[in-house]
Amino acid sequence: MAQQLSQHPATAAHRDAESDLTGARREAPRDRLEMSTEHLERPDAIQAGVYVLVLERDGRLLAWSANCNELAAGQASAGAWALADLLDRPSRRRVEEALMLEDANLGFHCQASSGISLWVSGFATDRGLGLLLEPTGTGDVVEGAGERGGEERLPQRSTDNERLLFKVMERIKVLQNSIHPLDQAIDAFATGVVDILHTIAGYSRTMIYRFDDDWNGTVIAEARQPQVSTSYLGLSFPSTDIGPKARAVFQRIGVRPVNDIEAPGVELIYREREGSAHSLSLADCYFRDVAQCHRQYFRNMGVRSSLIIALVANGRMWGLIACHNEGEPRQIGPIKRAVLNGVADIISIALSRVIDRHESATVQKLQSTLNSLLSDKVEGIGSINTFGQALNAIMGLCRELLCCTGLAWVDGDEVTVRANAPSEAGVLTIAAFVRSWCAEHGRENLSTGALTAYGLELDAEDATRAAGVVSSGGRGSNPMLLLFKAAARFDVTWAGDPDQRVKAPDGCTWLHPRLSFEQYVSEHRNQSLPWDAMSGILSRTAYTSLSQLHWLKRSEADSRAIEKARVEALLAKEEMAHAAMHDALTGLGNRRLLDSRINKLQLLGRRYCARVGVLLLDLDRFKAVNDTKGHDVGDLLLKRVAAILNDSVRGHDLVCRLGGDEFVVLVGGFKEEERLHPVLERLSDRIIANISEPQHIDEHICHVGTSIGVSVKEIEAVNLVDMLREADIALYESKHQGGSCCTFHTSQLDSTITQAVQLVDELRRSMAEEQLEMHYQPQFDVASGRIVGAECLMRWRHPSHGLLRPDSFLAIAQKNGLMRELDIMGIRSVERQYLRWCESGLSIERLSVNISAELIGHPSLLALLAELRIPREVLRLELLETIYLDGLNDTIKSTLTALREMGILVELDDFGTGRSSILSLVATRPAALKIDKDLVIPALSSDEARQLLQLVVLMGQSSNVEVTLEGVENEGHIALARELGCDTMQGYALSHPLKAGAFEALLKEQQSRSEG
């Protein structure tokens, strides 16, 4: 075991100089040149044993892996391949739909032209849609969930897979129940999780790898097979082993398998195209190739194959589950990956609960003390020294909870310190640096264990007292709270000497990692002990309370110098003037202030302002926040956005709110020689980045973005109405491009936007003129063959295009906020038709109506259902399974509970294709589920598909819910539904969707037969 007695560059003193997962730079400068390995990843090669196709948006093949000749039947040459040469017709149709919808979330079985059975999944590339094709039947044997070290191995039968799945869920439930709000509980939880996954995954080593604040990782739990002698438990790995780009990829794709380190990668072949430089990023492909440096890294560890599973806690990368196999390769297939994805989701949720409980308990302890002081001050009980008492209380709690050694409150040039803080001059130097650094990097605070590594010069004593610092506040001229840790001596045990950095030997074209992973201890003296995850939370909590006390202290002093009557009169006058020119909710300027400012710019003339720019902003996904989290949270979010905009613009720019979630930024003051466009582009990028950050609002996390349209005019041609109209056209184009972007107005945009608006107007007109109608697809009882109900499907009878299916207009409706209105129209139409059938003496057991996430999260749904004259046992509401991917917030949860109390049943549609199938079944507690046709159709030709289908059916039956089989297209599917024990079935083999009259005739025929 080696020793190093100098500051180690892989700790807080030497962070990666690259962006973290949020995109903001937060690392300290490097003290030596280091080389990142991430740029050496082969962007256009895949691992052996799988196939990759990359399609352009027009459906043509852009690139394919060199082994795709195994998929083709041989009728075309490799350079002239089309999708039809490689995949069967149903698969091509599914891919074409994904291209049209720009949706990479694929998952279905298919047959290659050569007869190979494949599982197809999609991933996004920088040039189009990527398809990953994995041969089925290999790598999908899932080991049992017995005790650690057991030899149990379950065959690939659905009953065994079901028993395994529920056994794993039961064990994780036991772990959850043992969680307490203590740090040690995380280690115990990790050990239990490793025990479970080690048996399931079947690798020779399974370990949980936890990131610290500097993205170094530590192994906190490990399980090994007997032949693996070396343990990594408790060892740390430097942040350069898994860089920021790799972490971002892990968080997006969830699972990253490497089947065989020694198997050479398969290159991508590109379709020839003039003048194009070919290079694709396959970062989101599960089986992208492994760089030579990373291959050598695994060889040096003695690893032949690996599996990495991301652990995400509260939306942030928390750590990894790393599985290594020594000696021989190990393959993982789509079924096994689906099981591991589901288990990993459950583990991440449980982990988030552990962290949340710990944070809540700690913050409550600090807040209760501060609230008591604040309450006394507000009620007049406290003295002028209450602020000093609060500082003493915070210092004591932070010493206990964070091991702080000092504290400082900085307000302008005034400094108040506690305990072993740096000198007043040192504190002012540190505060000035922190303000500058946070402004430069767009950060709210700085947290580091090695402050001097940022290039800040302090005297020796201050550097020792402020080795570590966490800041809060300080934006603009606001006060700042600084918490300090003094330098300490401590050891870190690494897996190998992390000073043996990745290097490129002379004459070598790729980088070599370190050779040894034996224990290596480094000693640290010139930095503080690392900050834990609670440091920022506690610092911000303390700062909020101190800010209130500080304001009260100043207010008390000011009020003694001003006569009460004069202050009241002055305030009333100012409030009236302010209210006339400002928005009541956000405090921003309104349309009147915007008009006034433009008039002033025109009066000042061209010598002061030659050009004016108007930025029109509209929030992306704001309506979803209002619908699902309530208007109170929406109002608070608008206030937060207003603050972000004010902080993002320059001092003389004007930010106004026009209404709703629409804002305007007026940018002027540019002289003849200054270029306005680059300034507006940088400003737009800064606003988009700041608003796109997750916003914590009243115990909710809101994810919104913003789209921007820009109009620029010479000062003589400025007309606010025209500029807002042009900016609105440019804004519409930004929305059309997917949002979170900026578009400048051009004359060409006018005609393009006019066509898009016309299409939306046609849909609105069709809704008003009742061109939308309901069709009914019969649902049959599997046992008796009787019609027991129907799925109600909307169609658009277009005057010129004929009858259109939902996929032709639902995307337009969703983009323009019409989904809730369409859902309500559909429900009302079904109600009227049901009443007509009842008047004709016909009876039907159930009618299933699809509703969107916009309606299920809106309070009007329950009022609508209460008014309906359809018996509640007849009406069923179908929800897409993907609604769970956005999280079941409190509003949706309460709606589902109310629906159950009303007696209205909920069904999960398209079940089994998403990676959250298990979690959505547990969270929504549906009365029935409908298995997606992509699982049903291939079950007759593929044993693997049949086993996966049987597992999904058993999941539903074990949860005591009805199971409907969709996609029943032939007699074989009918027999399969009976064999699996499904309750109901529907599909073209039984009946196409019918108009109301045709469905009524079918009901009458069935009723006549039963009466006869």
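A salt bridge is a side-chain nitrogen of Lys or Arg within 4 Å of a carboxyl oxygen of Asp or Glu. With that in mind, let us walk through this predicted model and see where its charged residues sit.

**Salt bridges across the chain**

How many salt bridges does the structure hold? The total is 36. Here are three of them.

| Pair | Closest N to O distance |
|---|---|
| Glu-523 and Arg-489 | 2.8 Å |
| Arg-514 and Asp-241 | 3.0 Å |
| Arg-786 and Glu-845 | 3.4 Å |

Let us start with Glu-523 and Arg-489, whose closest N and O atoms are 2.8 Å apart. This pair links distant parts of the chain, with Glu-523 in strand β21 and Arg-489 in strand β20, 34 residues apart. Is Glu-523 buried or exposed? Glu-523 counts as buried because its relative accessibility is 5%, and buried means under 20%.

Next comes the salt bridge between Arg-514 and Asp-241, with 3.0 Å between the closest N and O atoms. Arg-514 belongs to the loop between β20 (488-495) and β21 (519-527), while Asp-241 belongs to the loop between β10 (236-237) and α4 (244-253), so this contact ties together parts that are 273 residues apart in sequence. Both partners, Arg-514 and Asp-241, are buried.

The third pair in the table is Arg-786 with Glu-845, at 3.4 Å from N to O. You can find Arg-786 in the loop between β29 (772-781) and β30 (787-798), and Glu-845 in the loop between α19 (819-839) and β32 (846-850); the bridge therefore ties together parts that are 59 residues apart in sequence. Arg-786 counts as partly exposed because its relative accessibility is 39%. Glu-845 is also partly exposed, at 45%.

Salt bridges can also join up: Glu-56, Asp-58, Arg-60 and Arg-271 are linked in a network of them.

**Charged patches on the surface**

Now turn to the surface. Which residues gather in a patch of negative charge? They are Asp-632, Asp-635, Asp-698 and Glu-699. Glu-699 sits in the loop between β25 (695-697) and β26 (700-702), and it counts as exposed because its relative accessibility is 84%. Asp-635, by contrast, is part of helix α14 (residues 631-648). With 32% relative accessibility, Asp-635 counts as partly exposed. If you look for Asp-661, 26 residues from Asp-635 along the chain, you will find the two C-alpha atoms separated by 9.5 Å.

There is a positive patch too, formed by Arg-89, Arg-93, Arg-805 and Lys-933. One of its members, Arg-93, lies in helix α1 (residues 89-101). Why is Arg-93 called partly exposed? Its relative accessibility is 45%, and the partly exposed class lies between the limits of 20% and 50%.

**A buried valine**

To finish, let us visit Val-258, a residue in strand β11 (residues 255-258). Val-258 is buried because its relative accessible area is 6%. What does Val-258 touch, leaving aside residues up to four places away in sequence? Its contacts are Gln-47, Val-290, Ser-305, Ser-306 and Arg-330. Take Ser-305 as an example: Val-258 and Ser-305 are 47 residues apart in sequence, yet their C-alpha atoms are 5.4 Å apart in space.

Methods: Residues are numbered from 1 along each chain as its sequence is written. This is a predicted model: local features need pLDDT of at least 70, side-chain atom pairs count only at pLDDT 80 or more; totals for chains, interfaces and linings use all residues. Side-chain values use heavy atoms; hydrogens and water are left out. Patches are made of residues with over 30% relative accessible area and no salt bridge: like charges are joined within 9 Å, nonpolar side chains (Val, Leu, Ile, Met, Phe, Trp, Tyr) within 5 Å. Accessible areas come from the Shrake-Rupley method with a 1.4 Å probe; for residues, only the protein chains shown count as cover. Lys and Arg count as positive and Asp and Glu as negative; His and the chain ends are not counted. The place of a charge is taken as NZ of Lys, CZ of Arg, CG of Asp or CD of Glu. Helices (H or I, at least four residues) and strands (E, at least two) are DSSP runs, numbered from the N terminus. Buried means under 20% relative accessible area, exposed over 50%, partly exposed in between (1.4 Å probe, protein chains only). Contact means heavy atoms within 4.5 Å.
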